[in-house]
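Please walk me through this structure, starting at the ligand and then moving to the nonpolar cores.

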Amino acid sequence: MVVGCGAVATTFMTGVLMARKGLAKPVGSMTQYDKIRVGKGADKEYLSYSEIVSLTPLKDIVFGTWDVYPQNAYQAAMYAEVLKAKDIEPVRDELEVIKPMKAAFDKNYAKRLDGDNVKDCKTRWEMVEALREDIRRFKQEKGCSRIVVLWAASTEIYVPVNEHVHSKLSDLEAAMKADDREHIAPSMCYAYAALVEGAPFIMGAPNTTVDIPAMWELAEKTRMPIAGKDFKTGQTLVKSGFAPIISTRCLGLEGWFSTNILGNRDGLVLDEPANFHTKEVSKLSTLETILKADKQPELYSDYYHKVRINYYPPRNDNKESWDNIDIFGWMGYPMQIKINFLCRDSILAAPVCLDLCLLSDLAARAGRYGIQRFLSFFLKSPMHDYTQGEEAVNHLYQQYTMLKNAIREMGEYEPDEEMD
Ligand SMILES: NC(=O)c1ccc[n+]([C@@H]2O[C@H](COP(=O)([O-])OP(=O)(O)OC[C@H]3O[C@@H](n4cnc5c(N)ncnc54)[C@H](O)[C@@H]3O)[C@@H](O)[C@H]2O)c1
């Protein structure tokens, strides 16, 4: 069940429906393409994920959604203009029956949205109850044995962690009942509803929703996996893969300036400073754990890291990102690296949605609950227990090792860090 029926959600749904008809290929999806080595030496072999663990096949997936706008998934996919009509029409009938349920929404959290397909709830607690009812009804009507809830809705305004509300589950519940709209984002109501209904919850935007101790407590209590935050797709994927080149080669960093232009509805929402701030915090966190001043003070102290997102309608979903990286080498001599990625936002996000859903469902069946660190590979700002001083792992290749080892373990193979 996907929260938000926008560009990412409809590209994800359309791609899955097309792929299972054999009309498109799910390129970029680790669960559909990647092969992991199991065994060592003479015993080593390379197996796909579904040969190692029992993954839900694409043909068994049923989609549901919520959105502030009432357009069905076919109309929303056409509106998003990510995919060409020829790649949508063959699954039109299946997309048309995916009609958004009324959203749990508060305009103060995304001022630029004006849809009216919204639940009429007096309190945040009523939102939770209405969403629980939606999940139960959907599960029963569609005959689903398991549910995963994925947030692919807009970025909400930044909700800083408040220790009186977000530390303990009892405080969070009290705040929902007291209708504390300042500290309880609508996304928290979706997450709460999902977890108590026995569904893993994945946060694809940078919202702090499940990145608070009270939600970790709920995930433990309900024994459900949670993952987040913010899909790692374009610029940050490049950053988390490129920064290790600088650190591995012991080059210094003076500054890293990242800018983007994009023109879709996501860009429109992020044009609002309070919403952009949520994204900025998420995007800035990547470098700090890869290029670490405490380990290499002469190379990584005081570098200037700046991230900008500019709303530019002509580009729609075809985002362009520029990175200017000022590095220094032998005897401190400066050099520059420029990276210009002309990507397609939702084309990169869709396979990440699929992998996160399938792997969260797998984790739930394997009895893994709470923060799913092995999914950090797919996320821009991976969740970690910051109350215990734990650091997030942002280094793409370390994340890949964590991913592979979790799959090996769930498939009852030995985890290891051998070179492939
Ligand atoms: N595309 C990428 O590469 C990428 C990467 C990382 C994160 N994201 C995040 O994914 C999310 C989706 O991106 P998109 O391009 O599909 O945006 P979009 O604007 O096309 O779609 C988001 C949809 O969510 C709906 N929505 C907003 N609040 C809602 C609520 N409370 N309940 C239900 N629906 C709600 C909106 O009406 C909209 O239709 C954004 O938060 C974006 O920041 C995208």
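A polar contact here is a pair of N or O atoms within 3.5 Å. The model is predicted, and the ligand in it has such pairs with the protein. A polar side-chain atom of Thr 155 is 3.0 Å from a ligand oxygen. At Ala 153 the partner is a polar backbone atom, 2.7 Å from an oxygen atom of the ligand. In the side chain of Asp 345, an N or O atom lies 3.2 Å from a ligand oxygen. On its own the ligand has 840 Å² of accessible area, and the protein covers 98% of this. Two or more residues of the surrounding shell come from each of H1, strand S4 (65–67), helix H12 (265–270) and H15.

The ligand has 31 residues around it, and those that come nearest are Val 8, Asp 67, Ala 153, Thr 233 and Arg 265. By type, the shell consists of 17 nonpolar, seven polar and seven charged residues.

The next topic is the packing of nonpolar side chains. The largest nonpolar core contains 57 residues, and Phe 12, Leu 359, Phe 378 and Leu 403 have the most contacts inside it. Elements that supply two or more of its residues include helix H1 (7–20), strand S2 (35–38), helix H15 (345–365) and helix H16 (396–410). H15 contributes the most to this core, 11 residues.

Phe 12 touches Val 2, Phe 63, Leu 150, Ala 350, Cys 353, Leu 354 and Cys 357, when neighbours within four places in sequence are left aside. Another core, of 55 residues, lies apart from the largest one, and its members include Ile 147, Ala 193, Phe 201 and Leu 218.

Conventions
Residues are numbered from 1 along each chain as its sequence is written. This is a predicted model: local features need pLDDT of at least 70, side-chain atom pairs count only at pLDDT 80 or more; totals for chains, interfaces and linings use all residues. Side-chain values use heavy atoms; hydrogens and water are left out. A nonpolar core is a set of buried Ala, Val, Leu, Ile, Met, Phe, Trp, Tyr and Cys residues joined through side-chain atoms within 4.5 Å. Buried means under 20% relative accessible area, exposed over 50%, partly exposed in between (1.4 Å probe, protein chains only). Helices (H or I, at least four residues) and strands (E, at least two) are DSSP runs, numbered from the N terminus. Contact means heavy atoms within 4.5 Å. A residue is near a molecule or strand if one of its heavy atoms lies within 4 Å of it. A polar contact is a pair of N or O atoms within 3.5 Å; within protein, one must be able to donate a hydrogen and the other to accept it, and residues adjacent in sequence count only if both atoms are side-chain atoms. Accessible areas come from the Shrake-Rupley method with a 1.4 Å probe; for residues, only the protein chains shown count as cover. Ala, Val, Leu, Ile, Met, Phe, Trp, Tyr, Cys and Pro count as nonpolar, Asp, Glu, Lys and Arg as charged, and the others, Gly among them, as polar.
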